[in-house]
Amino acid sequence: MLNSRISESKLLYLRYVKKTLEEGEFLNQNQISALANHLIQSRVGGPPTALPDEFMIVLSIDQGYLVQEAIHARLKNHGFGELVGHKIGCTTKVMQDFLSISHPCSGEVFETKVFPSQTTLRLSDFQKIGIECEIAVRLSKNFPEQETPYNIEMVRDGVGALMAAIELVEDRYIDYPNFPTPILIADDFFNTGVVLGEELSNWKSIPLCKIKGWIQIDGKEVGVGIGADIMGNPLDALVWLANHCVRLQKPLKAGEFVMLGSVVQTVFIEKPAKIKIGPSVYLTADNCCGFKDDKFIIFFSSSVFVVLI
């Protein structure tokens, strides 16, 4: 077991050197280990995370993803299970403005942090929990490295199902606005779990850009957005992730799910509440399916419920 861990650590370090030699500066193996150990503490029962010492601060976005991989190895040893899905943050202007970050960022999700569409969670299990309304997909194909970058048509063919979803995000930091973006990336970009709705396999006729997403807390709507807010088209987020994962030498795999991004600003929950999110598409009949009726019809509707106690 010890030899296996040493080999994994050496492989991690060699991959890191390959990615960062041209940058002129990179963390050494001890710094990677120290930063990973520092960042996991609040995820395994420790207090909120303080800004790391200067010598541990990651120097580039790529180095952030390398430390993320080291964190994943440690959390597996803490019983988090296998990695089964991905989250993409900052795919909408509302979230980029909220976090002052101008580009997408990705993290991964452990199997023990995936909850069914109607679930009850304890506020006391989190430092400070936030709710996001998202569109998620289940992959039906692998996305291996290929000669040309992935595009929308390529990724569309690899999506087996569409889901409404809640991302559970956690402010587990002491004054997170002071944390450099690579540090947040290393720590899975705020993710602390997901709540996945029913999978819809017959999804390809749904106009993803017209999906309306909303959050209700105790019956009151507190946020709303549309699918087009996600990079112009939600599948563009999947295009970004597919190419990003190839570059990281960790291609997307069939069976994994992907959270494509929040269409509303994060809502933090500070007291017990009932939360409902519901991506839906409402189109007039003459704009949909060839019907001649002037009534509205529901083209796609799905809801996810979370109770925080």
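**Loops, helices and a pocket in the predicted model**

Ile174 sits in the loop between strand E6 (159-170) and helix H6. The model described here is predicted. Ile174 lies 124 residues from Ala50 in sequence, yet the two C-alpha atoms are 5.2 Å apart in space. Beyond neighbours within four places in sequence, Ile174 is in contact with Pro48, Thr49, Ala50 and Phe179.

Pairings across the sequence recur in the chain as a whole. Of the contacts between residues at least 6 apart in sequence, 77% join residues at least 24 apart. The chain contains 7 helices and 15 strands. It has 309 residues, and 50% of them are buried.

Strand E6 holds Glu167. This charged residue has a relative accessible area of 1% and is therefore buried. The side chain of Glu167 makes a polar contact with the side chain of Lys87, at 2.6 Å. Lys87 also appears among the residues in contact with Glu167 outside its neighbours within four places in sequence. The others are Gly130, Ile131, Glu132, Glu134, Asn191, Gly193 and Met259. Cys133 is 34 residues from Glu167 in sequence, with 6.8 Å between their C-alpha atoms.

Thr92 occupies the loop between strand E1 (83-89) and helix H4 (93-99). Its relative accessibility is 1%, so Thr92 counts as buried. The Thr92 side chain reaches the backbone oxygen of Ser262 at 3.0 Å. Ser262 is also one of the contacts of Thr92 outside its neighbours within four places in sequence, together with Asp229, Ile230 and Val263.

Ile101 is found in the loop on the other side of H4, between that helix and strand E2 (105-110). With a relative accessible area of 7%, Ile101 is buried. Gly89 is 12 residues away in sequence, and its C-alpha atom lies 9.6 Å from that of Ile101. Leaving aside neighbours within four places in sequence, Ile101 is in contact with Cys90, Gln96, Thr181, Leu184 and Phe189.

Phe189 belongs to the loop between helix H6 (181-186) and strand E7 (191-196). Its relative accessibility is 2%, so Phe189 counts as buried. The backbone of Phe189 has a positive phi of about 50 degrees, although the residue is not a glycine. Most residues other than glycine have a negative phi. Met231 also has a positive phi without being a glycine, at about 55 degrees. Met231 lies in the loop between strand E9 (220-226) and H7. Its relative accessible area is 32%, so Met231 is partly exposed.

Helix H7 spans residues 234-247. Asn233 caps its N-terminal end. A side-chain oxygen of Asn233 lies 2.9 Å from the backbone nitrogen of Leu235. At 1.5 Å a residue, the 14 residues of H7 should span 20 Å; the end C-alpha atoms are 21 Å apart, which agrees. Of these 14 residues, 10 are buried, so H7 is largely enclosed by the rest of the structure. The buried set comprises Pro234, Leu235, Ala237, Leu238, Val239, Leu241, Ala242, His244, Cys245 and Val246. Just after the helix, Gln249 takes a positive phi of about 65 degrees.

Helix H3 covers residues 61-77 and has 17 residues. From first C-alpha to last, H3 reaches 25 Å, close to the 24 Å expected at 1.5 Å a residue. Its buried residues are Asp62, Gln63, Gly64, Tyr65, Leu66, Val67, Gln68, Ala70, Ile71, His72 and Leu75. Gly79 follows H3 and has a positive phi, near 90 degrees.

The second largest pocket has a volume of about 230 Å³. Its lining consists of 16 residues. Arg43, Lys113, Asp125, Phe126 and Thr192 lie nearest the centre of the pocket. The lining divides into 5 nonpolar, 5 polar and 6 charged residues.

Conventions
Residues numbered from 1 in each chain as written. Predicted model: local features only at pLDDT ≥ 70, side-chain atom pairs only at ≥ 80, totals over all residues. Heavy atoms only, no water. Helix = DSSP H or I, 4+ residues; strand = E, 2+ residues; numbered from the N terminus. Expected span 1.5 Å × (residues − 1). Buried < 20%, exposed > 50% of the residue type's maximum accessible area, 1.4 Å probe, protein only. Polar contact = N/O pair within 3.5 Å; in protein donor to acceptor, adjacent residues only side chain to side chain. 1 Å grid on protein atoms, 1.4 Å probe; cavity = no way out; pocket = protein on both sides within 12 Å on 5 of 7 lines; lining within 4 Å. Points joined across faces, edges and corners; volume = space filled by probe spheres on them. Contact = heavy atoms within 4.5 Å.
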